[in-house]
Amino acid sequence: MRRSVGSGGGGGGKTPPNLEDLLRRGQDRLRGVMPGGSLGGGKSFVVIGALAVGLWLATGFYTVAPNQVGIETIFGRYVGSKGEGLRYNFPYPVGGVIKPNVGQVNSIQVGFRSAGGAQARTRDMPDESLMLTGDENIVDLDFEVQWRVNPLKASDYVFNLQNPEGTIKAIAESAMREVVGRRNIQAILTNEQSSVAQEVKEITQNALDEYGAGVRIEVVQLVSVNPPPEVRPAFIDVNAAQQDADTAQNEAKTYASREVPQSRGRASQIVQAAEAYKTKATADATGQAARFDEVYASYKTAPTISRERIFLETMEKVLGSVNKVIIDQGVAGSGATGAAGVVPVLPLAEFGSRTPAPAQTNGAAR
């Protein structure tokens, strides 16, 4: 695709000066200067020709604005690019200058058309927006491509693109269909929109670079991503159910995050109590074993005394918390204290818990 340089290329696209008017004005001035007010002889024609050539060469000066790049041509062939400032090139029809705007951000809408303004209406373009997804569903996707001329490759933009907006739109739409065709509709509708836009931008930029378009893609922005209008209510219900499921899962995770640490704490307490009981039981068993070894050593030295000692200690433990009755075998054998020879023990413990009995007069029991 080539862009031709027409007659409007010289002097930055301005109308070239009329040579006949210039010659006529020059002749009028010379008539006023020369004697007799006439132009005669070959010398006069030389002067007029030199003046005309000078005026023609002066039309080659042009100015490049800060947001422009001057693309110079000679006989339609590209000879170089110039930056901002006052520049010069051969005037028309020998030379020409094209000054593309490299600072302006251009926008291309795919799938919709907006007239602009705060209250502008958006017109849907279903032939552009309806796309087939990887799971054989249809998605209604509108997006916008923002681009500008690459200052370093402005000549490619001027000479290689005949219809820049149409070319960029076709490549971007093709890239979007390719990216959407590799994904499921649920991912496109929910969490992969940013990755879709980034991938479309990269594919579009690579394709334009291969074509030598001299264009830089700034942003690919998804304006709206929806299921087709015919099935949109069903998708809304599915999304609502999915959100409810996510809410339930989040609540369950919150409950688990609260209960699991508490359960682990209780389990840790039980383990620590068991460890403490283990340590205490082990220490008690170790002490009893050591005491048994000591008793056994004493028993080997004096068996009779050890047996008596063990018997007395055992009886002390057994009878320490029960009521006792002492039987004097010697007295019981003589029959001095009754039929059985049993001497009751004075219940001193009971005296401490009983209230004193009232005093008896005269016939008190003895």
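Here are some notes on this predicted model, going from the whole chain down to single residues.

1. Overall make-up. The protein chain has 366 residues, and 24% of them count as buried. Its secondary structure comes to 11 helices and 13 strands. Taking contacts with a separation of 6 or more, 64% are between residues 24 or more positions apart. The accessible surface is about 24,800 Å², with 56% of that belonging to carbon and sulfur atoms.

2. The largest nonpolar core. This one has 40 residues, and the members touching the most others are Phe143, Met176 and Val215. At least two residues each come from strand 6 (106–110), strand 10 (138–149), helix 4 (154–160), helix 5 (164–180), helix 6 (185–189), helix 7 (193–211) and strand 11 (215–226). Helix 5 gives the largest share, with 7 residues.

3. Helix 5 itself. Worth a look along its length: the buried positions are Pro164, Thr167, Ile168, Lys169, Ile171, Ala172, Glu173, Ala175, Met176, Val179 and Val180. So Lys169 and Glu173 sit on the buried list along with Ile168 and Met176. The geometry checks out too: 17 residues at 1.5 Å a residue should span 24 Å, and the end C-alpha atoms are indeed 24 Å apart.

4. Valine 215. What does this core residue touch, once neighbours within four places in sequence are left aside? The list is Trp147, Arg148, Asn150, Tyr157, Leu161, Ile168, Gln205, Leu208 and Asp209. Ile168 also appears among the buried residues of helix 5.

5. Tryptophan 147 and tyrosine 157. Both of these contacts of valine 215 are buried. The model has 3 aromatic pairs. One of them is formed by tryptophan 147 and tyrosine 157, a tilted pair with 6.2 Å centre to centre and 45° between the planes. Tryptophan 147 belongs to strand 10 and tyrosine 157 to helix 4, so the pair ties together parts 10 residues apart in sequence.

6. Glutamate 72. Is this residue of strand 2 (70–74) buried or exposed? Glutamate 72 has a relative accessible area of 6%, under the 20% cut-off, so it is buried. Its side chain has two polar contacts to inspect: one of 2.4 Å with the side chain of tyrosine 62, and one of 3.4 Å with the side chain of lysine 82. Leaving out residues up to four places away in sequence, glutamate 72 touches Tyr62, Arg77, Tyr78, Val79, Gly80, Lys82, Tyr88, Asn89, Gly96 and Val97.

7. A cis peptide. Look at the bond joining tyrosine 92 and proline 93, which is cis with omega of about 10°. Proline 93 is in the loop between strand 4 (85–88) and strand 5 (95–98).

8. Positive phi at phenylalanine 75. Phi here is about 55°, although the residue is not a glycine. Phenylalanine 75 is in the loop between strand 2 and strand 3 (77–82). With a relative accessible area of 66%, phenylalanine 75 is exposed.

9. Positive phi at glutamate 136. This is another residue other than glycine with a positive phi, near 65°. Where does glutamate 136 lie? Its place is the loop between strand 9 (130–132) and strand 10. Glutamate 136 is exposed, at 69% relative accessible area, whereas glutamate 72 is buried.

Technical notes
Residues numbered from 1 in each chain as written. Predicted model: local features only at pLDDT ≥ 70, side-chain atom pairs only at ≥ 80, totals over all residues. Heavy atoms only, no water. Core = buried A, V, L, I, M, F, W, Y, C linked by side-chain atoms within 4.5 Å. Buried < 20%, exposed > 50% of the residue type's maximum accessible area, 1.4 Å probe, protein only. Helix = DSSP H or I, 4+ residues; strand = E, 2+ residues; numbered from the N terminus. Contact = heavy atoms within 4.5 Å. Expected span 1.5 Å × (residues − 1). Polar contact = N/O pair within 3.5 Å; in protein donor to acceptor, adjacent residues only side chain to side chain. Phe/Tyr/Trp six-rings, centres within 6.5 Å; stacked < 30°, edge-to-face > 60°. Areas by Shrake-Rupley, 256 points an atom, 1.4 Å probe, with all protein chains shown as cover.
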